[in-house]
Amino acid sequence: MTTKKKDVTSYEDAFALLSRGLKTTSTIKVGGMWDFVRDIWSLSFDQPRLFDAWHVGKMCDDVERAVEEKLNYVSIIPRTHFKSTIIGHAFPIWRALKMDRDVNFLYLSYSDTMAKYHVGELIKEVDRNPILNQWMTNKNTSSDYTFRYSINDDYIVEIIRGGVFSFKRGLHVNGGMIADDILRDPDSGLNLTNLAKVENQFLTEAIFIPNPGVPTVVVGTPQTPSDLLSVLENDERFFQRRLPALDPEPDRRVLFPERYTEADLLQIQRAKPKAFDSEFLLKPAFSDEAYFDAQDILSCEDGNLENHTAEEPFYKKPGSRLYAGCDVGKKRNPTHIVIFQEYNGVITQVHQSWLDNWEFTAQVKYLNSLVDNFDLDYAFYDNTRGELEDRGLNNKWYPMHFSLKSKNEMAQIFEEYVHSGKLRLLRDERQRSQVLAVNNELKAPDTVEGHGDAFFSIAMALRAVYDSRSMGFTNIGNVLDWMEDIDGSKQPTTHSLDVAVNDKETDLFKVVEQKENEYNKGIPKDDIRLKGPNPSCEEDMCVPQMWVQNNRLCLQCGSRKEE
């Protein structure tokens, strides 16, 4: 007779089965992302209490909200404030534990080397975590930089890495994509051409790697006022958060006081102000190299100014002159046009237009309409590539060929007017961003909003103002009326002539000299000067016959006599 042997479970095996059951239960009840970060993820680090910080909770809640609402997320956070640690490293682990099935992610950086670094750090953080290393088993034995783990010996989580220009085409992931510092290589200088390429690559290729409804999370540091991060902040597919180290919200002075006090931050700012602005205050790095500081341009802006349309005739103040500049676009860049009115020494912007994707023939028609509607006096357009030649452009538009010399001269004139206190600009975000996009080398990134176009259109218009002044151009109204004022004749005339007075280009002063001799005969010089519009002038010719009665203007010293 044989007896059937009963299955016997050892104490060790029973404990292992119980432990596995407990681990599965813990995985299922991992909780919200901030719960996970505070209670579990923080144990991978020497100072776990730092993960109780307010901004850490803000990031975690943002990510969880984005996942629930099937949105993407862009987080712009200062350096050393855990942005990669939370968004780049903790997020995929939390999501994998929540999904309870095989899942994969793409970790995208500017280069594969950077992505490799982040994945390597992530592996270390999991392996040294006393809870995660019980739940997760490393299934990769071939490389220190390949993330392939099983969860409770059941599901597989894999994190694929790649550079923004080198990731595998046709790849799709069901867990999510992490785009961490994809704008530039930190070991290289800022390459403006590459910024445009990164933006194009991300928006046309990378964004479609996650399956529909699967989130993309983006973290990084701004490089230019209109870079990819700025674009994503205005993309309705992305929920965004920007938190500078100082004054992140109206009721908070310091973002991360557990690590940096206000005194610490101010000390860093004094030591390295430009780096601090970029890395802690989240101002675009390129702004530190920009030709103008943002505050310089903001101080010139006037929110009460009206952008007058090109369709209705503009009322031109008597005695004023209108100057314009047009930066002609190419291919994907827009054409930008500005018009300024100069009156009593103040230069006020009265118009701007962005011509996005306009054919050149249509642009010429529009520019000609501006001449008529605004009665332009002097205008420049960029004719470096000759796109508007032989298309019937009104001769009030003078061609300018850009060269290093001419661009530097225009930029210097622009700067003079900005700091003169006499320049008033329309308050417009796009115009401002394209002015600030130009750096000290007078180069700008190629973006969807432009290529520094507003900088050069404004600079050309101000160059027109400057040239008129430096050549002595002054609107004296009807020259025949002036002649009548001099000789006392009040005979009516039917002629009207606006002239540009320039002692190198007209013989008008020969007439003045002749009339001076007649007018001053027998009068002492001092008495002559006292009868002039500017008695304090030391010029011998500042006398009444230089006075243009209609415009209350002295041709010699430029004085305008009050009525």
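On disulfides, the count for this model is 0, where a disulfide is a pair of cysteine sulfur atoms within 2.5 Å. The model is a predicted one, in which local features need pLDDT of at least 70, side-chain atom pairs count only at pLDDT 80 or more, and totals for chains, interfaces and linings use all residues. Residues are numbered from 1 along each chain as its sequence is written, and side-chain values use heavy atoms, with hydrogens and water left out.

Let me stay with the cysteines for a moment. Cys300 has 4% relative accessibility and therefore counts as buried. Cys326 is at 0%, so it counts as buried too. Buried here means under 20% relative accessible area, exposed means over 50%, and partly exposed lies in between, with a 1.4 Å probe and protein chains only.

I turn now to the sheets. Helices (H or I, at least four residues) and strands (E, at least two) are DSSP runs, numbered from the N terminus. Two strands pair if DSSP finds at least two bridges between them.

One open sheet has 8 strands in the order β3-β4-β5-β2-β6-β7-β1-β8, with mixed pairing. Its edges are β3, residues 136-138, and β8, residues 238-242; each has a single partner strand, so one side of each is left without a neighbour in the sheet. From one strand to the next, the twist averages 20°. Axes are lines fitted to C-alpha atoms, for helices over the stretch in contact, and angles run from 0 to 180 degrees between N-to-C directions.

Strand β1, residues 72-76, runs parallel to β8 and is joined to it by 5 bridges. Within that pairing, Ile76 has Arg242 of β8 as its bridge partner. Helix α3, residues 54-68, packs on the sheet and touches β1 and β8, its direction making about 160° with that of β1. Contact means heavy atoms within 4.5 Å. Helix α5, residues 112-127, lies across β2, β3, β4, β5 and β6, and runs at about 150° to β5.

Another open sheet has 7 strands, ordered β11-β17-β14-β13-β12-β15-β16, and its pairing is mixed. Here β11, residues 301-302, and β16 are the edge strands, each pairing on one side only.

How many residues of β15 are buried? In this strand, residues 378-382, 5 of the 5 residues are buried, so β15 is largely enclosed by the rest of the structure. Tyr378, Phe380 and Asp382 point one way, while Ala379 and Tyr381 point the other way. On the side of β12, residues 321-327, 4 bridges make a parallel pairing with β15, and Ala324 stands opposite Ala379. β15 is also joined to β16, residues 397-400, by 4 bridges, again in parallel; there, Asp382 has Met400 as its bridge partner.

Further along this sheet, 2 bridges join β14, residues 346-355, to β17, residues 423-426, and these strands run parallel. Ile347 has Leu423 of β17 as its bridge partner. Helix α12, residues 360-374, lies across β12, β13, β14 and β16, at about 150° to β14. Helix α13, residues 404-420, lies across β14, β16 and β17, at about 100° to β17.

I close with helix α14, residues 429-436, which is mostly covered, with 7 of its 8 residues buried. Among the buried residues are Arg430, Arg432 and Leu436. At the N-terminal end, Asp428 caps α14, a side-chain oxygen lying 3.2 Å from the backbone nitrogen of Arg430.

Notes:
Polar contact = N/O pair within 3.5 Å; in protein donor to acceptor, adjacent residues only side chain to side chain.
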